[in-house]
Amino acid sequence: VSQSRYGAIDSKEVDITNWYPQFAETMNRFLRDPECTGIYIHCQCGINRSAFLAMIYLCLKFGYSIDESFKTIAIQRPCTFTNESFRKQVIEYIKKHQ
């Protein structure tokens, strides 16, 4: 079990979508900054938490499909998306909020 400095835990027993509002707020703040030329997203291991939160953001903010966002992230970070529980939670969350 891994935990980020913001308290997001990589475990099958937690709901990753609980951290999405804070993630989206941070992303939106950076994207509004006129001096922002790029955003790098990474958690402690770069395997589950940041990838799944980025996936939600791509779908809800930019209209990517679930498959498109999954492929885009997985191409850049092939070892990602290993937490099956997160995968189910994220897909349900995206479908509910689209």
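These are my notebook entries on a predicted model of a single chain.

**Entry 1. Overall layout**

I began with the secondary structure and found four helices and two strands in the chain. Read along the sequence, I noted the order β-β-α-α-α-α. I then looked up burial: of the 98 residues, 41% count as buried. For contacts between residues at least 6 apart in sequence, I recorded that 65% join residues at least 24 apart.

**Entry 2. Helices α1 and α2**

I next asked at what angle the axes of α1 and α2 cross. For α1 (residues 20-32) and α2 (residues 49-62), I read a crossing of roughly 60°, with the axes coming within 10 Å. I noted the crossing of α1 past α2 as right-handed.

I listed the residues that meet across this pair. From α1 they are Tyr 20, Phe 23, Ala 24, Met 27, Asn 28 and Leu 31. From α2 they are Leu 53, Ala 54, Ile 56, Tyr 57, Leu 60, Lys 61 and Phe 62. Sorted by class, the contact comprises eleven nonpolar residues, one polar residue and one charged residue.

I looked separately at Phe 62, which lies in α2. With a relative accessible area of 47%, I entered Phe 62 as partly exposed; the cut-off for exposed is over 50%. Setting aside its neighbours within four places in sequence, I found Phe 62 in contact with Leu 31 and Tyr 57.

**Entry 3. The nonpolar core**

I turned to the largest nonpolar core and counted 24 residues in it. Which residues have the most contacts inside this core? I recorded Tyr 20 and Met 55. Each of α1, α2, α3 and α4 supplies at least two residues of the core. The largest share, nine residues, comes from α2. I add one general remark: in soluble globular proteins, nonpolar side chains tend to be buried together.

I followed Tyr 20 further. Not counting residues up to four places away in sequence, Tyr 20 touches Leu 53, Ile 56, Tyr 57, Leu 60 and Tyr 93.

**Entry 4. The two sides of α3**

For helix α3 (residues 66-76), I listed Ile 66, Ser 69 and Ile 73 as the buried residues. Seen down the axis of α3, these buried residues fall within an arc of 75°, so they line one face of the helix. The spacing can be read against a general point: an α-helix has 3.6 residues a turn, so residues three or four places apart point the same way. On the other side of α3, I found Asp 67, Lys 71 and Ile 75 exposed. I then checked what covers the buried residues of α3, and the cover includes α2 and α4 (84-97).

**Entry 5. The loop before α1 and its place by α4**

I examined Thr 17, which is found in the loop between β2 (9-10) and α1. Is Thr 17 buried or exposed? Its relative accessibility is 9%, so I entered Thr 17 as buried; the cut-off is under 20%. Leaving out residues up to four places away in sequence, Thr 17 touches Ile 56, Gln 89, Val 90 and Tyr 93.

I compared Thr 17 with Glu 92, which sits in helix α4. I recorded Glu 92 as exposed, with a relative accessible area of 58%. The C-alpha atoms of Glu 92 and Thr 17 are separated by 9.8 Å, although the two residues are 75 residues apart along the chain.

Asp 15 is also found in the loop between β2 and α1. At 28% relative accessibility, I entered Asp 15 as partly exposed. I looked up its separation from Gln 89, 74 residues apart along the chain, and found 6.8 Å between the C-alpha atoms.

**Entry 6. Phe 81**

My last entry concerns backbone geometry. What is the phi of Phe 81? I read a positive phi of about 65°, although Phe 81 is not a glycine. I located Phe 81 in the loop between α3 and α4. With 3% relative accessibility, Phe 81 counts as buried.

How values were computed: Residues numbered from 1 in each chain as written. Predicted model: local features only at pLDDT ≥ 70, side-chain atom pairs only at ≥ 80, totals over all residues. Heavy atoms only, no water. Axes fitted to C-alpha atoms, helices over the stretch in contact; angles between N-to-C directions. Left-handed = near helix turned anticlockwise from the far one by under 90°. Contact = heavy atoms within 4.5 Å. Nonpolar A, V, L, I, M, F, W, Y, C, P; charged D, E, K, R; others polar. Buried < 20%, exposed > 50% of the residue type's maximum accessible area, 1.4 Å probe, protein only. Arc of directions from axis to C-beta. Core = buried A, V, L, I, M, F, W, Y, C linked by side-chain atoms within 4.5 Å.
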